[in-house]
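Colleague: I would like a close look at a single part of this protein. Please take the surroundings of the ligand, then work outwards.

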Amino acid sequence: MIIDKENIASHNQNNLDQHNLRFDFTANSLIQKGVDVDTIIKKVSDFQVAIPSWALGAGGTRFGRFSYYGEPGTLEQKIEDVGLIHALTQSAGAISLHIPWDVPEDAEKIKSLTKSLGLQFDAMNSNTFQDQPNQEHSYKYGSLCSTDDNARQQAIQHNIDVIKLGEQLGSKSLTVWLADGSSFPGQNNFQTVLKNTQDSLKQIYAELPEDWKLFIEYKPYEPYFYSTVIQDWGTSFMLANECGPKAYTLVDLGHHLPNTNIEQIVATLMLKGKLGGFHFNDSKYGDDDLTVGSIKPYSLFLIFNELVYGMENNPQNPYPAWMIDASHNLKDPMEDLMQSLEAINSAYAKALLVDQKALREAQRNHDVTLCQEILQEAYLTDVRPLLEKARVLNGGAINPLQTYRQMDVRNKLVDERGKHSMATGL
Ligand code: AOS
Ligand code: ZN
Ligand code: ZN
Ligand code: ZN
């Protein structure tokens, strides 16, 4: 293990005076305003975001892929990388596996490695968006939507196999994201592909264990550019309702056309008890999969404001599953993920600072100016010292990114794995 608690604690020593100074100032100012600072720190500590196994290697674009040194080549190494991120941040306590990229050779061994690093298994991700070597029927013209019964049955069976594997590992949910769609008008009969998708999802749902959830992800376009079968939250919501109470919509921040009001979608789904999962990333133009908070941090805050409201007021909605779904084409993936975690925790803490009572009152009085002031007051608070405190209390680093660099983690991984190792998957 490259990082252990003692090592993190000794690095924290150098930052402790600065941290205390900053924390005291922030905490005292908030306490004076009547904020329960301890509760906010506790909530931030409890907030755990899953890292997908495909995020630890360098991503790529359709034009090429530039590898990053010391990438994990095996499932064990991917889990170890998440363990490193979790040790430093204390906020990435889960890993989300992708099948078939991450089929474990020995499920028990993988389970105990994961447990030893303090990690849990988040949702299992099936893959019917590419053909695997030796696969009998192609997904070129669709998978769960396919008009080729053989391809469709094969895709259904794959999802059922993923559930079975997830059961062995102790996962409790399946995320289905489909590339299915068309690139040209007339290519698909919209009603046929939607109906096929619904029938397929119902067959998968029928195999779902009692305590499992099915998350249905939507996306307006890409990889196909004319239509996507599950194009938006409404389609996903409708399919989830058709399947039954264990099926939910999954919101991926990048899966919206520009300027969509995502916070309103979140509120609507939570009111209906159907927001099951969440994929964090940021986007400027489309499904850009950029670092969370790097482009639209205020939108992220507004989304968290609805999530916080929903978690407090919508018992009909289960606690959502959180995951980062970003791609790292230029940066060290682990550094990028730590930046994303910081942005997520920061938006969450700021949303927790919103004075809900005062906001409700201002809304009732139609004091539009005050409503905006209340949101801005929370958004403009520097919550970083609170996040630092949450980490320190759990044995994490005051400054995870700086500690990661000072410990020279990447070079140690290169020594261990070789300079030109290549991650599997996307
Ligand atoms: C694709 O655009 C989606 O965001 C998926 O959630 C994910 O990236 C994919 O399922 C990877 O397996
Ligand atoms: Zn071009
Ligand atoms: Zn996603
Ligand atoms: Zn995506």
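Modeller: Here is the ligand shell, followed by the core and some loops.

This is a predicted model, in which local features need pLDDT (the predictor's confidence in each residue, from 0 to 100) of at least 70 and side-chain atom pairs count only at pLDDT 80 or more, while totals for chains, interfaces and linings use all residues. Residues are numbered from 1 along each chain as its sequence is written, and chains are lettered from A and ligands numbered from 1 in the order in which they are written. The protein averages a pLDDT of 96, and 98% of the residues score at least 70. For the complex, the predictor gives an ipTM of 0.95 and a pTM of 0.97.

Start with ligand 1. Around it sit Trp54, His98, Asn125, Asn127, Trp177, Glu217, Lys219, Asp252, His279, Asp287 and Asp325. A residue is near a molecule if its C-beta atom, placed from the backbone, lies within 6 Å of it. The shell has 5 charged residues, 4 polar and 2 nonpolar. Here Ala, Val, Leu, Ile, Met, Phe, Trp, Tyr, Cys and Pro count as nonpolar, Asp, Glu, Lys and Arg as charged, and the others, Gly among them, as polar.

Next, Ala326. This residue is in the loop between strand S11 (321–324) and H10. Helices (H or I, at least four residues) and strands (E, at least two) are DSSP runs, numbered from the N terminus. Ala326 is buried because 29 other C-beta atoms lie within 10 Å. The cut-offs are 20 or more such atoms within 10 Å for buried, 12 or fewer for exposed, and partly exposed in between, with C-beta atoms placed from the backbone. Beyond four places in sequence, the contacts of Ala326 include Ala55, Asn281, Asp289 and Asp336. Contact means C-beta atoms, placed from the backbone, within 7 Å. Asp288 is 38 residues from Ala326 along the chain, with 8.1 Å between their C-alpha atoms.

Now the core. The largest nonpolar core has 104 residues, and Leu214 and Ile216 have the most contacts inside it. Such a core is a set of buried Ala, Val, Leu, Ile, Met, Phe, Trp, Tyr and Cys residues joined through C-beta atoms within 7 Å. Helix H10 (residues 333–353) gives the most to this core, with 12 residues. Leu214 touches, among others beyond four places in sequence, Leu174, Val176, Ile204 and Tyr248. In soluble globular proteins, nonpolar side chains tend to be buried together.

Two cis peptide bonds deserve a look. One joins Ile99 and Pro100, with omega about 20 degrees. Pro100 lies in the loop between strand S2 (94–96) and helix H4 (107–116). Another runs from Glu222 to Pro223, with omega near 10 degrees. Pro223 is in the loop between strand S7 (213–217) and strand S8 (227–228).

Last, a backbone oddity. Asn259 is not a glycine, although its phi is positive, about 70 degrees. Its place is the loop between strand S9 (247–252) and helix H8 (262–271). Asn259 has 7 C-beta neighbours inside 10 Å, so it counts as exposed.

As for the whole, the protein has 15 helices and 11 strands. Its radius of gyration (taken over C-alpha atoms) is 22 Å, close to the 22 Å that the globule rule (2.2 Å times the number of residues to the power 0.38) gives for 426 residues, so the protein is as compact as a globular protein of that length. Of those 426 residues, 46% count as buried.

Terms used. Contact = placed C-beta atoms within 7 Å.
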